[in-house]
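I set out to record how the chains of this model meet and which charged side chains pair. The entries follow the order in which I looked things up.

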Number of protein chains: 2
Amino acid sequence: MNIDIQRSPGRPKQAEHELSIQEVILQTAAQLFMSHGYEPVSLQQISKACNVTKPTIYYHFTSKAELFKVAVTTMFKNVHQHTSGLLRDAEHLEEGLLKVAEARLANPHAEIETLLREAEKFLSEEQIQKIREAENQIYEELADYFREAMERNILRKNNPMLLAQTFSTMMVIGNKNETYSANLGKEIVEIFLRGTLLGSPASM
Amino acid sequence: MNIDIQRSPGRPKQAEHELSIQEVILQTAAQLFMSHGYEPVSLQQISKACNVTKPTIYYHFTSKAELFKVAVTTMFKNVHQHTSGLLRDAEHLEEGLLKVAEARLANPHAEIETLLREAEKFLSEEQIQKIREAENQIYEELADYFREAMERNILRKNNPMLLAQTFSTMMVIGNKNETYSANLGKEIVEIFLRGTLLGSPASM
């Protein structure tokens, strides 16, 4: 679990203030990059949206590529943390998946492979790898959840990682605004669950 | 069914030659745009990949945005035609979906909403609409297929368009090279079908 963001009680005001600016830059950058891609978003645009100067961005991040890497990995870490909490607090599999689905569908964003293919020529191997590692932790979390459900004979045996990626991929449908309905999460989770449950779907 | 590409028998040689160059440009452009996005791909790059000059591209297409529109809609029309043929020739629902899934997974490409969000500031409303119309015909084709299966009591009642978009979205998993296995299509179709069939999945 990532707790970098939690501030230690004795931390001085100045550092707290800096952390806050850095967080604003990261969240704004992630939102812009995930909406429009890497190249179309300029540091100018990010600094304007954050109401800071470009040198402030360069004070915190050495380059646009580095900002992209940190913004996207931080976003993935937050999604991971949030997903983990939702699954842990849910009373059963369906409730957990439904909460995760609703959170994802309410925050539609770029399909990561499409985004990375556009961005990769501007990024170093190391930057791409860090992003993939952060993304992978979300799949691992879901895969663990599915593995446990298989061990408890709730889901039929399958590759847990494939189920994690299938479930996550299904959430990309949230990008299609026209299909969005209040019931979309429930409908998608129902298809997924009936498709993966052990035994008859009539038992749901 | 789109048959624009079919040449009328009396068409002169010159036109045939021109059509062929145009097709090469369209296919190459579609492949590059779908791989890297709109802005990162230059007309220079497309003309080089096609072994033609930039003026040749401008002879056929008035602008990069127009080339993008025609390339992407033509690709969607081809996917539509191909999908339609696969579904029509299949002996049953599972076979049809499996063939469509295998064709899609073997040709991973950009998730269209992510691509359009990156490209939209360079495109006119009309260009975006044409692309969406062409894409929608693929969903309509699948939705018709699902509607028919519902009427024949093979699939349980659901929104056919939602099923079409869910099925198509699941194919985005093909973008993740690391999960690709010879059985991926079969595994995804099985989850989808068990999730949507009327009655017990044990009957599959």
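**Salt bridges and the chain contact**

I began with a pair across the chains: Lys176(A) and Glu135(B) form a salt bridge through their side chains, N to O 3.1 Å. I took a salt bridge as a side-chain nitrogen of Lys or Arg within 4 Å of a carboxyl oxygen of Asp or Glu. The model is predicted, so I kept to its rules: local features need pLDDT of at least 70 and side-chain atom pairs pLDDT 80 or more, while totals for chains, interfaces and linings use all residues. Residues are numbered from 1 along each chain as its sequence is written, chains are lettered from A in the order written, and side-chain values use heavy atoms, without hydrogens and water.

I next looked up Lys176(A) with Glu113(B), and found a salt bridge whose closest N and O atoms are 2.6 Å apart. Lys176(A) sits in the loop between α8 and α9 of chain A and Glu113(B) in helix α6 (residues 112–119) of chain B, so this pair joins two chains; helices are DSSP runs of H or I, at least four residues, numbered from the N terminus. Both residues are buried (under 20% relative accessible area, with exposed over 50% and partly exposed in between; 1.4 Å probe, protein chains only).

Within chain B, I found Glu113(B) bridged to Arg132(B) as well, with closest N and O atoms 2.8 Å apart. Arg132(B) lies in helix α7 and Glu113(B) in helix α6, 19 residues apart. Arg132(B) is partly exposed at 30%, whereas Glu113(B) is buried at 6%. I also noted a network of salt bridges that links Glu113(A), Arg132(A), Glu135(A) and Lys176(B).

I then turned to the totals. There are 6 salt bridges between chain A and chain B, and 18 over all chains. The contact (heavy atoms within 4.5 Å) takes 46 residues from chain A and 45 residues from chain B. Of the interface residues of chain A, 98% are also interface residues in chain B, so the copies meet through the same surface.

Last, I checked the symmetry. A turn of 180° and a shift of 0.0 Å along the axis lay chain A on chain B with an RMSD of 0.0 Å, which is the relation of a two-fold axis; the superposition is by least squares on C-alpha atoms of residues with pLDDT of at least 70 in both copies. Gly195(A) comes closest to the rotation axis among the residues of chain A, at 1.9 Å (C-alpha).
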